[in-house]
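Subject: Structure for you to look at

Hello,

Please find below the structure I promised to pass on, together with my notes on its pockets and its ligand. You may like to keep the 3D view open while you read.

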Amino acid sequence: MRPDARRAGPSLAFDLERHFRDGPVVRAALEVPLDAEPVTVLFGPSGSGKTTVLRCLAGLDRPERGFIRFRDETWFDAATRGFVPPQRRGVGLLFQEYALFPHLSVAANIGFGLARAPRAERNARVLEVARFLRIEELLDRRPARISGGQRQRVALARSLAPRPRLLLLDEPLSALDGPTREELRGELRSLLEHSGIPSLVVTHDRVEALALGDRLAVLAEGSVRQVGPVHEVFSAPADLVVARVVGTENVAPASIVSRDAGLALVRVGTAQLLALDPGGLHDEAFACIRAEEVVLETAPGTPTSARNELTAEVRTVSPEGPLVRVTLDCGFRLVTLVTRRSADRLALAPGSRAVALVKASAIRLVPRAS
Ligand code: ADP
Ligand code: MG
């Protein structure tokens, strides 16, 4: 995918290739608007090259091919061998493991990027950033003496202190335990928004991507495959690779039976489903259904707006945090996610009967390349 060179506002635009000796080639091309949505998420599975891309953008690593442009500056250009060193890019980088200096106080960690500023100015800025992140009472402590969530905030403070023009965050929540992560997820979003600094956040966590991002770019199998508003990419993956990466649990082969008035009737296994017709369908497609989009009932009941009512047999029931993953056989294998309460109320157990309700609009048909 090529960055859209015709975008009007200021942007970070790159199209780069990093070749590792005896290793993979990481390729990524993207344009990140700097004046519109504050947070762009670069989403991809482990090993897809996310950290490599961030390191190249920060100037800590050098691509073999391509370019990196920020506003009207060229940070990197393989053709002209142009390379702007990291300290002149004005980028704040938050490492995955935060990389705080253990022997320095929180204040000294936050002020690390301000070493050349006069002491009074540095202290004032450290205090200002610490207040913004509500960690001013921690300034004298060492990183080992504060919690994981607090460490994350100190690391964020350190990257914000030099007033960067762009923030790069590598899996900012992955070092935290479950409850802390949940708590900080929403908070991080609002901090990023209020910082006023455009951010590129890297993650392989779907919930994190949904919670933090305005725009989502999916990096998989060697390239950026889809870019768009977060919800749009999640609910309408452009191809099978994106569908898998964004975690659409159900991706089943479907054959087109008929099409009429914007709807397509497709056969999936032995079941028939009505789905929105995305256009471009030939005989074969993949039907993608997100597990959360399926509603379960014990028996066919009052009419609903769901166009698909599938009788099913429960195969497996496995708790997953606050939810329960239920695998059904309804003529094809259908994975669903319901709350524990619903699972209890419906007395779901292997072998029990259920009815799965799926709206036509919840079934995404991806044309299958012949
Ligand atoms: P991600 O952050 O998405 O998990 P990385 O950017 O860390 O992915 O790595 C992308 C790919 O490049 C991986 O296959 C990884 O093994 C490889 N890689 C990363 N750094 C190096 C390196 N210094 N030398 C060789 N291979 C590397
Ligand atoms: Mg990484």
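**A pocket between two domains**

In this model, which is predicted, the second largest pocket takes lining residues from both domain 1 (11-240) and domain 2 (248-367), and therefore lies between them. Its volume comes to about 260 Å³, and its lining is made up of E182, R185, R206, V207, E249, E292, E320, G321, P322, L323, R325 and L337. Among the elements of the fold, α5 (178-195), α6 (206-212) and β18 (323-329) are those that give two or more residues to this lining. If you sort the lining of the second largest pocket by class, you will find 7 charged residues, 4 nonpolar ones and 1 polar one.

**The largest pocket**

For the largest pocket, the volume is about 640 Å³, and of the 22 residues that line it, V91, G92, L93, G113 and P162 are the closest to its centre. Two elements, β7 (91-94) and α4 (148-160), each supply at least two residues of the lining, and the largest share, 3 residues, comes from β7. Here the classes divide into 14 nonpolar, 5 polar and 3 charged residues, which you may wish to set beside the 4 nonpolar, 1 polar and 7 charged residues of the second largest pocket.

**The ligand**

Which residues surround ligand 1? They are F20, P24, P45, S46, G47, S48, G49, K50, T51 and T52, and by class this shell holds 6 polar, 3 nonpolar and 1 charged residue.

Three contacts with oxygen atoms of the ligand deserve a look in the viewer. In G47 the backbone takes part, with an N or O atom 2.6 Å from an oxygen atom of ligand 1. In T51 the side chain does so, since one of its N or O atoms is 2.8 Å from an oxygen atom of ligand 1, while T52 places a polar side-chain atom 2.5 Å from an oxygen atom of the ligand. Taken alone, ligand 1 would expose 560 Å², and the protein buries 58% of that area.

With best wishes

How values were computed. Residues numbered from 1 in each chain as written. Chains lettered and ligands numbered in written order. Predicted model: local features only at pLDDT ≥ 70, side-chain atom pairs only at ≥ 80, totals over all residues. Heavy atoms only, no water. 1 Å grid on protein atoms, 1.4 Å probe; cavity = no way out; pocket = protein on both sides within 12 Å on 5 of 7 lines; lining within 4 Å. Points joined across faces, edges and corners; volume = space filled by probe spheres on them. Helix = DSSP H or I, 4+ residues; strand = E, 2+ residues; numbered from the N terminus. Nonpolar A, V, L, I, M, F, W, Y, C, P; charged D, E, K, R; others polar. Domains from an automatic or database assignment. Near = heavy atom within 4 Å. Polar contact = N/O pair within 3.5 Å; in protein donor to acceptor, adjacent residues only side chain to side chain. Areas by Shrake-Rupley, 256 points an atom, 1.4 Å probe, with all protein chains shown as cover.
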